[in-house]
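User: I would like to learn how to read a two-chain model feature by feature. Could we go through one together, with the general idea and then the case at hand?

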Amino acid sequence: MRGATLVLLTLALVPPAWAQDPAPSPSAPAESAVAPAQAPAEPAPAPAPATDVIGSWNVRRLDFGLVGVETDTRSSKFREYREVPTGPVLPSLRFAGDAPFPYDVSAARVLEDDGQYYARAQPGDFDLVGSYQRIPHRFGNDSRSLLEDVGRGTLAMSDTLQQSFQGRNEAQFALRPQGVNFAFLNSMVSPSLEGEDFFDVKLLRERGQVQLGFKGTGPLDVKMTYFHEKRRGTRGSGTSFGFSNVVETPEPIDYRTQDVGLAAEWAASWGLVRGGLNFNQFTNSIPVQTFDNPFRAVSTTDPSAYQAPGSSSVNGASFARLALPPDNKAITGSLGVVWKFGGRSRLSADATLGQWTQDEAFIPFTTNSAITTPVVATDPAALPTASLDGTIDVFSFSSVLTTRPLDALSLTARVRRYDLENNTPRIRFEQGYVRFDAVWEDIPRISVPYGYTNDQLQATAAWAFGRATVEGGYRFERMDRTFRETEETTQNTIFGSLLLRPADWATFRATVERAGRDFDAYHGAEAEHASYLEPGPATNQPTLRRYDQSKKDTTRVLSQLQLNPGGSVTLALNYVRAKDEYDEVTHGLIDADNEAFGADVDYTPNDRWSVFGFYMRENISTFQRGRQSGSSPSVNPLDDWTAAIDDKVDSFGAGGRVVLVKDRVDLGVNGNYQKVDGNNDLDSPPGGTPDVAFDVPLYDDTKLWTVNAELGWRLLSGLRLAVGGFLEEYEIRDAFSLGLPNYAPGSFFLAGNDGDYRAHVLYARATYTW
Amino acid sequence: MQRHRRLVLSGTATALALLGLVVLATSVAASAPQDQPPAAAAASLDVGTCMACHEAAVTGMKGTPHAGVPQSCASCHQGVEAHAAAQAEGTDAPKPTTPRATGAKQAHEASATCLTCHDSGHQANFEGGVHDRRGVACASCHSVHAFQSVKGQLKTAREPDTCFTCHTAIRSKGMRSSHHPVREGLMACSSCHDPHDGTKPKMVSAEWVNEKCLSCHTEKRGPFLWEHAPVRENCMNCHDPHGSNHEKLLVAKQPYLCQRCHLNTRHPGTLYDGRNTLAGTSVSNRAIEHSCRNCHQNVHGGNAPSGPYLGR
């Protein structure tokens with residue numbers, strides 16, 4: 001492999017014979033700071049556009065090369081969002097110019113799974129833009145499952161094997177129910193799992209967009225857009241037959257999203273008016289997934305079937321059905337105005353009105369043909385309604401006033417409303433529903449169409465004292481909710497900021513915010529009861545306060561000092577902190593603190609070389625308290641447990657570029673590293689349940705480091721050759737997934753490889769411009 | 001009903017307050033000195049004159065709309081003609097202005113030059129936005145003469161690197177194990193944020209943060225038969241879009257994230273600790289791998305009649 005790579009790299013270094021003239025680059029060299037002391041040309045009698053002076057331009061650039069890759073594992077993480085191929089590649093190309101009209105055609109990673117393509121043409125008053133992009137997402141390689149995709153949305157296993165597992169389970173259950181345990185099940189399924197083929201769980205987005213714009217010399221600017229996206233592939237799905245029979249499956253994905261938009265803007269000296277209309281449609285060509293139960297070939301039921309297979313039952317459905325994301329549509333209209341008045345004031349007001357709808361046919365209560373009372377649960381006619389007929393109406397309004405009545409004084413005021421009114425009908429399931437396709441639950445339920453309204457007001461005043469600007473502000477936010485624990489929460493925030501420029505080469509920015517959130521009343525049981533037609537006692541811990549609504553004090557600090565003494569050195573020091581304190585909460589999230597500080601430095605003494613480096617330390621901590629309960633909420637403080645979670649993150653990067661031979665040879669080296677050390681310190685007081693807790697020190701600990709280097713050689717004026725490569729290493733240590741097998745107690749897992757890797761990539765590239 | 005009345009009252013109060021501010025601003029600002037756009041082009045000064053000394057600056061505009069600006073360098077730089085004349089005479093004259101916010105020059109003063117032309121679309125909402133107020137001018141991110149990016153004339157080749165100049169903590173989050181494909185170059189900060197639109201909180205380019213997320217994750221829009229309230233309200237209740245070392249950009253690891261809201265009887269409130277990990281003595285399928293989502297997979301909302309617990 002290495003030998004082949006070297007041969008390919010050598011071949012790539014052969015320069016093409018057709019290298020011609022140098023081409024202008026869109027990225028011009030740095031602006032010269034000081035004008036040379038020479039007499040300028042005689043002023044021309046009349047001004048002319050720069051185009052008349054610098055002439056027309058064009059870019060013709062083509063990159064091609066060869067890549068060789070070596071990795072020590074098949075981890076999907078290496079290529080999670082990118083393609084790193086082996087062999088010939090076309091990393092980029094660009095053709096752009098201004099004749100006969102401005103145009104630009106470019107592509108990156110041509111023909112690869114992460115390729116990007118872009119084209120733009122501007123003939124006359126029109127502006128036509130098209131783009132196409134591929135985005136891969138790899139979740140796990142070398143996954144395994146007993147189930148195989150045998151059709152669109154159908155994941156099935158061998159009937160013979162299914163029958164065999166059922167028979168052995170039933171026989172053991174008849175002999176000794178306690179014998180249906182993990183050891184027994186594992187010995188039964190493992191040989192079959194080990195014989196299954198590997199497959200990769202991955203997804204590919206393909207997005208294309210076309211935009212046609214019209215902007216003449218007049219005030220009207222119109223844009224029409226069409227967007228189309230296909231998503232195809234699989235991702236791990238937590239399909240389950242009950243507490244003891246999780247069957248993770250590769251959920252089939254075949255989505256299509258289309259969007260059509262029309263936007264227009266009319267600009268005048270007093271401001272502008274804008275509006276738009278947008279239609280968005282999501283369709284899922286696989287709206288339902290079915291998946292076999294490895295332990296049941298014939299559907300059966302009993303009151304404990306949702307715990308099968310185990311000592312209490314070996315029953316359940318032979319297969320189950322999962323409702324995948326339903327088709328939906330959204331239509332949105334918007335209208336806005338910006339009014340400039342008084343010379344230094346402007347008022348903007350924008351409103352949008354939208355409607356989201358969804359009416360996909362419901363799947364039946366269950367697949368389990370043994371469930372026939374109180375209804376024939378496999379019959380769609382047993383449902384109270386055939387589909388949701390769901391509608392959400394969205395309204396938003398935003399208005400901002402900015403004014404500078406005095407040179408030194410700036411004022412802003414902002415008002416916003418976002419109203420999500422969920423007008424979906426409430427569906428009543430008077431007789432109950434089916435649990436895990438295993439057993440009918442005689443618990444009448446009703447759906448809960450949540451909605452909310454968010455209001456925000458903000459006002460700021462800033463005063464400039466020469467090189468310093470001080471700003472103070474106040475923000476009010478209110479959230480009105482339906483069907484939740486709180487009907488209304490309000491948050492008051494005061495903030496101040498300082499912008500200081502003591503010298504032309506120094507800038508200091510700091511912002512401090514203090515916010516307090518409160519609620520009208522917290523009704524823990526009401527939210528839970530909202531989804532029951534005949535509510536019983538609440539099951540959630542009554543002292544719990546959900547963190548998105550609970551009383552909270554927030555402190556935020558952001559500060560940065562940027563120094564640029566002498567022009568060649570830039571130094572930035574940063575400090576950021578966000579702390580949420582839920583002081584009145586006894587159960588739930590109690591404290592969240594996120595602190596980061598670091599430094600960036602850049603040194604560019606001349607155009608021959610430059611270096612940079614950065615470091616950042618983040619201390620992220622949260623503290624929460626839970627309480628373990630049996631069949632009713634515990635009131636015993638000894639049943640409490642706490643989780644103090646800390647992530648310590650160190651990140652640094654460094655790099656540089658040096659011109660070894662002027663206009664000929666240059667070398668660039670970059671590297672970065674990040675280490676996350678997570679720890680979950682769990683505690684529980686003795687004497688309760690639990691009475692002891694064991695820490696989790698391997699808590700998503702990760703390391704990632706990358707070093708890359710490239711040596712470039714401008715062989716001819718239009719030809720640059722480069723050789724380079726990168727070394728990347730990734731490591732994750734997570735106690736909850738490290739060493740995950742395909743079958744664990746109570747669960748089948750795909751167990752794809754998304755773990756550690758070390759990769760070496762070498763490439764040779766020729767950039768040809770003409 | 002009470003909620004509706006409160007909303008109407010608050011809306012009315014807000015509108016009145018806003019109207020008051022408008023009246024105040026109008027009356028004060030009408031008598032205030034006006035910002036002047038840059039001096040009109042010196043009729044006799046050609047860009048070729050400037051190019052004689054500033055060739056790199058002029059040719060740097062090649063292929064950009066600025067190259068076609070008909071009023072020469074003086075369209076953006078004040079004092080050009082005096083500078084050129086002084087250079088021709090070999091005498092000193094102040095350098096022409098640049099639209100940069102340095103020293104006592106405020107960001108809005110620096111940006112005024114650019115906004116003379118670029119005052120439409122969302123750029124019409126730049127003034128008064130948080131970037132403008134915190135001293136970030138157009139030239140803080142963009143360069144007319146020496147830009148490095150293919151699009152947007154940014155000072156850095158990659159858009160995120162421009163943003164990371166100030167937002168360094170976000171750069172660090174982007175290096176996490178779970179991240180959006182920003183560092184791979186398939187997304188950029190502007191995929192979600194509009195740095196020019198000061199009317200939106202966090203400059204998110206949507207009316208509400210969920211609408212931004214749903215523009216790519218359209219399958220999660222619903223409405224659903226069984227909704228998950230905090231999901232419907234704000235995706236960021238559970239996700240950090242800038243990066244996380246927990247799967248799916250979660251702000252915390254399951255089951256502990258879920259247990260911040262669900263301490264119900266039996267398994268939701270149960271402590272899952274080191275014993276329940278894969279190396280533990282009591283491996284639990286409620287803790288390992290995807291934890292709660294091993295069963296409650298439709299956590300964003302479900303459409304199955306038998307899915308009130310989001311498992312179908």
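User: Leaving aside its neighbours within four places in sequence, which residues is A:Thr586 in contact with?

Analyst: A word of care comes before the reply, namely that this is a predicted model. To read the surroundings of a residue, one sets aside its sequence neighbours and looks at what remains. For A:Thr586, what remains beyond four places in sequence is contact with A:Thr543 and with A:Arg625. The residue itself is found in the loop between β29 (569-581) and β30 (588-606) of chain A. Closeness along the chain is another matter: A:Gln560 is 26 residues apart from A:Thr586 along the chain, and their C-alpha atoms are separated by 36 Å.

User: Why is A:Thr586 classed as partly exposed?

Analyst: The general idea is to count neighbouring C-beta atoms, where 20 or more within 10 Å would make a residue buried and 12 or fewer would make it exposed. A:Thr586 has 14 other C-beta atoms within 10 Å, and it is therefore partly exposed.

User: How many residues of strand β18 of chain A are buried?

Analyst: The same kind of count can be taken along a whole strand. In β18 (residues 390-406) of chain A, 13 of the 17 residues are buried, so this strand is largely enclosed by the rest of the structure.

User: Which strands pair with β18(A), and in what sense?

Analyst: Here one reads the bridges on either partner in turn. Strand β17 (residues 345-358) of chain A is joined to β18(A) by 14 bridges, and the two run antiparallel; within this pairing, A:Leu347 has A:Leu401 in β18(A) as its bridge partner. Strand β19 (residues 409-422) of chain A also pairs with β18(A) in the antiparallel sense, over 13 bridges, and A:Ser396 finds its bridge partner in A:Tyr418 of β19(A). The connection from β18(A) to β19(A) is a hairpin through 2 residues.

User: Where do the edges lie in the open sheet with the order β7-β8-β14-β15?

Analyst: For an open sheet, one writes down the strand order and then asks which strands have a single partner. This sheet of chain A has 4 strands and mixed pairing. Its edges are β7 (148-151) and β15 (319-323) of chain A, each of which has a single partner strand, so one side of each is left without a neighbour in the sheet. Direction ignored, neighbouring strands of the sheet are turned by 25° against each other on average. At the β15(A) end, strand β14 (residues 288-292) of chain A pairs with β15(A) in the antiparallel sense over 5 bridges, with A:Phe291 bridged to A:Ala320.

User: What is the strand order of the open sheet of 3 strands?

Analyst: The order is β11-β37-β36 in chain A, with mixed pairing. At its edges stand β11 (246-247) and β36 (743-744) of chain A, and each has a single partner strand, so one side of each has no neighbour in the sheet. The pairing of β11(A) with strand β37 (residues 747-748) of chain A is parallel and rests on 2 bridges, and A:Phe748 in β37(A) is the bridge partner of A:Val247.

User: How many helices and strands do chain A and chain B have?

Analyst: Counting elements gives a first description of each chain. Chain A comes to 5 helices and 38 strands, whereas chain B has 11 helices and 0 strands. Buried residues make up 38% of the 770 residues in chain A and 55% of the 312 residues in chain B.

User: How many residues does each chain bring to the contact between them?

Analyst: An interface can be read from both sides, residue by residue. Chain B brings 132 residues and chain A brings 186 residues. On the chain B side, the largest share, 12 residues, comes from α1(B), and the residues of that side divide into 56 nonpolar, 53 polar and 23 charged.

User: Which element of chain B has the lowest mean pLDDT?

Analyst: Confidence is best read element by element as well as for the whole chain. Chain B has a mean pLDDT of 86, with 85% of its residues at 70 or more. Among its elements, helix α1 (residues 2-31) of chain B has the lowest mean, 51, and helix α10 (residues 209-216) of chain B the highest, 98. Over residues 25-43 of chain B the pLDDT is below 50, although this stretch has 42 contacts in the model beyond near neighbours in sequence. For the model as a whole, ipTM is 0.92 and pTM is 0.92.

Notes. Residues numbered from 1 in each chain as written. Chains lettered and ligands numbered in written order. Predicted model: local features only at pLDDT ≥ 70, side-chain atom pairs only at ≥ 80, totals over all residues. pLDDT = per-residue confidence, 0-100. Contact = placed C-beta atoms within 7 Å. Pairing = 2+ DSSP bridges. Axes fitted to C-alpha atoms, helices over the stretch in contact; angles between N-to-C directions. Nonpolar A, V, L, I, M, F, W, Y, C, P; charged D, E, K, R; others polar.
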